[in-house]
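Here's a quick look at how the two halves of a chain meet. Have the model open as you read.

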Amino acid sequence: MRAVAEAPSKAIITGEHFVVHGAWALAAALPRKVRVQVAPASAFRVTSDKFGDVGSPQLRPVSRVIEAMAREFSAKPNVSVSISSMVPEGAGLGSSAATMVAVAAAFSRLNSLGLGVDEIIRYSMVGERHIHGNPSGIDPAVSARGGVILFRPGSRPKKLSLEGERTLILSYSGRTRSTKGQIGRVTQIRNKYPGLFSILSDGISELSLTAAEKMRIGDMEGLGNLLTVNHAALMSLGVSNDTLDLMVDLLASMGSYGAKLTGAGGGGSVVAVAPEAKEKSIVSGLTARGFETFKVSVPAEGVKSWLER
Ligand code: MEV
């Protein structure tokens, strides 16, 4: 008997970094998933198609999640965990959160704990804190719940009800970065210029609420304009880099409605929206320049788990 869980990756549409300090942010679950299998074993073991065996520091947070859950529910921590992922690591697309969410969901399923989405998020945060230091919680929230959500720490997330699907273009710069380092850099700026940061943060919070409405009614041109404004705010915090700025410029010259870095920045990916007629040429144009680029439809479903014999 083994338990299997699949959790989606994510794109932050607006509001990353500012969300850590209390602003609203808008995020979407993406159909590219992480799959986790958990089965009883004689000793704790984790393997991953990306990192091999449990010796890799990247896999330590998985053991933290399992230990926390096993302790709390008096369950056996001796399990073998196997992770396979369609999500590039360090691309700003939430691969760690999707992994932690899927691990918590699969361990809950294996032990018939019957945990709901809020508890799965709570346990996945044990691993997320281990990796990122002081994350806002938006990544596991959107991975576990699915859909497109407005999130800010301390408030109940609001799921957008969309009629039909919306298309996002994601393009990976090929450079990875540490989310923890990027969060630290922004926190330093906030501590140095608290008044200025607070004005910027209020502005981005408002921008996220407006972006959610544009997304809801399908005004992709309006949404694109807001993405570009949000990118400028992230540049001003120093979390962009030359490659991401180049990609945002390229997307504008190829006819997108707008684009921005997504996630922690300093590497990772950009997110864009474009007129339907231009999507294909944008994807092939960026791919030809060496950036792994794909189109996704949102909303995507949240974490799912089941038992297999
Ligand atoms: C990372 O996907 C988003 C950040 O805002 C960090 C966080 O919210 O935890 C950079």
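## Polar links across the boundary

Between domain 1 and domain 2, 12 residue pairs are in polar contact, counting pairs with both residues at pLDDT 80 or more. That confidence score is there because this is a predicted model.

On the domain 1 side, the elements that put two or more residues against domain 2 are β1 (2–14), β2 (25–40), α3 (117–132) and β5 (148–151). β2 chips in with the largest share of that side, 7 residues. Sorted by type, the domain 1 side has 21 nonpolar residues, 10 polar ones and 3 charged ones.

## Salt bridges

How many salt bridges does the rule find across the interface of domain 1 and domain 2? The tally there is 2. If you want a salt bridge to click on, try R32 and E292, whose side chains meet at 3.6 Å, N to O.

## Where the domains sit

So much for the links; now the bigger layout. The domain assignment splits the chain into domain 1, covering 2–160 plus 301–308, and domain 2, covering 166–298. Their C-alpha centres are 23 Å apart. Domain 1 brings 34 residues to the contact, and domain 2 brings 45.

## How much gets buried

The accessible area lost when parts come together is often used to give the size of an interface. Here, domain 1 and domain 2 bury about 3000 Å² between them, with 70% of that on carbon and sulfur atoms. Within domain 1, the residues losing the most area to domain 2 are H17, F18 and H21, which together make up 25% of what that side buries.

How values were computed. Residues numbered from 1 in each chain as written. Heavy atoms only, no water. Domains from an automatic or database assignment. Contact = heavy atoms within 4.5 Å. Buried area = accessible area lost by both parts, 1.4 Å probe. Salt bridge = Lys/Arg side-chain N within 4 Å of Asp/Glu carboxyl O. Polar contact = N/O pair within 3.5 Å; in protein donor to acceptor, adjacent residues only side chain to side chain. Helix = DSSP H or I, 4+ residues; strand = E, 2+ residues; numbered from the N terminus. Nonpolar A, V, L, I, M, F, W, Y, C, P; charged D, E, K, R; others polar.
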